[in-house]
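Trainee: I am new to this structure and would like a close look at a single part. Please take me through the cysteines, and then through whatever lies around them.

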Amino acid sequence: MKLGFLDSIFNYADVYETAVTVLDQRIPSVNLERLTAPHLLKIPLYSKMLFQKGCDCVIVFLTMLPEDAQELDLVHEKIIDLEIAEGKPVFFCIISSEEFKEQKDLEAAMEAKLGMIAEAASKIVSAPASLSSDIANSELTNAMTMFSTMSESAGSESEPEITDDLGIDGDSGGRSLF
């Protein structure tokens with residue numbers, strides 16, 4: 001299995017060596033290809049580059065601030081388009097700045113999350129039929145839902161209210177076509 005590992009130049013630390021160890025333990029005979037994106041918004045482009053290099057799937061490792069949630073939402077939208085176009089998955093391993101205080105905490109959080117992601121990625125790529133028996137497995141379900149917690153926890157405190165009034169002078173309160 002050829003796995004793409006994508007990180008960002010803005011991560012708090014370079015954890016690639018730890019990632020190699022974790023991935024080697026979880027996925028026998030894994031072949032890793034690494035790229036480092038110069039900006040969060042370049043993640044979809046660099047993921048595509050890894051697919052073009054023959055990767056079966058990509059794991060994106062990011063350390064982020066809660067303020068980065070809006071940019072991450074844009075990245076997720078583009079990644080979904082890429083997954084559909086390529087027919088291959090992209091997994092996110094996101095460690096929020098709130099999850100660690102020191103380097104050892106970062107590595108411990110990364111090892112735990114990356115280990116679960118590696119197992120899920122291996123099953124999806126090499127034996128997708130085996131996932132049927134794992135759907136009820138709470139550990140796999142927890143791993144899959146963990147990917148979206150950064151985006152959910154870093155969102156605004158309240159959702160914007162959707163109204164019919166567009167706030168334009170002379171607006172009769174009609175609905176927007178968009």
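Mentor: Start with cysteine 57: the closest cysteine sulfur to its own is that of cysteine 55, 7.9 Å away, which is too far for a bond. The cut-off for a disulfide is a pair of cysteine sulfur atoms within 2.5 Å. This is a predicted model, and a search of the whole structure finds 0 disulfides.

Cysteine 57 counts as buried because its relative accessibility is 0%. Cysteine 93 is buried too, with a relative accessible area of 1%.

Now turn to helix α2, residues 43-52. The buried residues of α2 pack against β3 (57-64) and β4 (90-96), and also against β1 (2-8), β2 (31-37) and α3 (69-86). Those buried residues are Ile43, Pro44, Tyr46, Ser47, Leu50 and Phe51. They lie on the same side of α2, because the arc they cover around the axis is only 165 degrees. In general, an α-helix has 3.6 residues a turn, so residues three or four places apart point the same way. Just after α2 comes glycine 54, with a positive phi of about 95 degrees.

For a contrast with the buried cysteines, look at lysine 123 in helix α4, which spans residues 103-126. Lysine 123 has 30% relative accessibility and therefore counts as partly exposed. Its C-alpha atom is 9.7 Å from that of isoleucine 27, although 96 residues separate the two along the chain.

Technical notes. Residues are numbered from 1 along each chain as its sequence is written. This is a predicted model: local features need pLDDT of at least 70, side-chain atom pairs count only at pLDDT 80 or more; totals for chains, interfaces and linings use all residues. Side-chain values use heavy atoms; hydrogens and water are left out. Helices (H or I, at least four residues) and strands (E, at least two) are DSSP runs, numbered from the N terminus. Buried means under 20% relative accessible area, exposed over 50%, partly exposed in between (1.4 Å probe, protein chains only). The arc is that of the directions from the helix axis to the C-beta atoms. Contact means heavy atoms within 4.5 Å.
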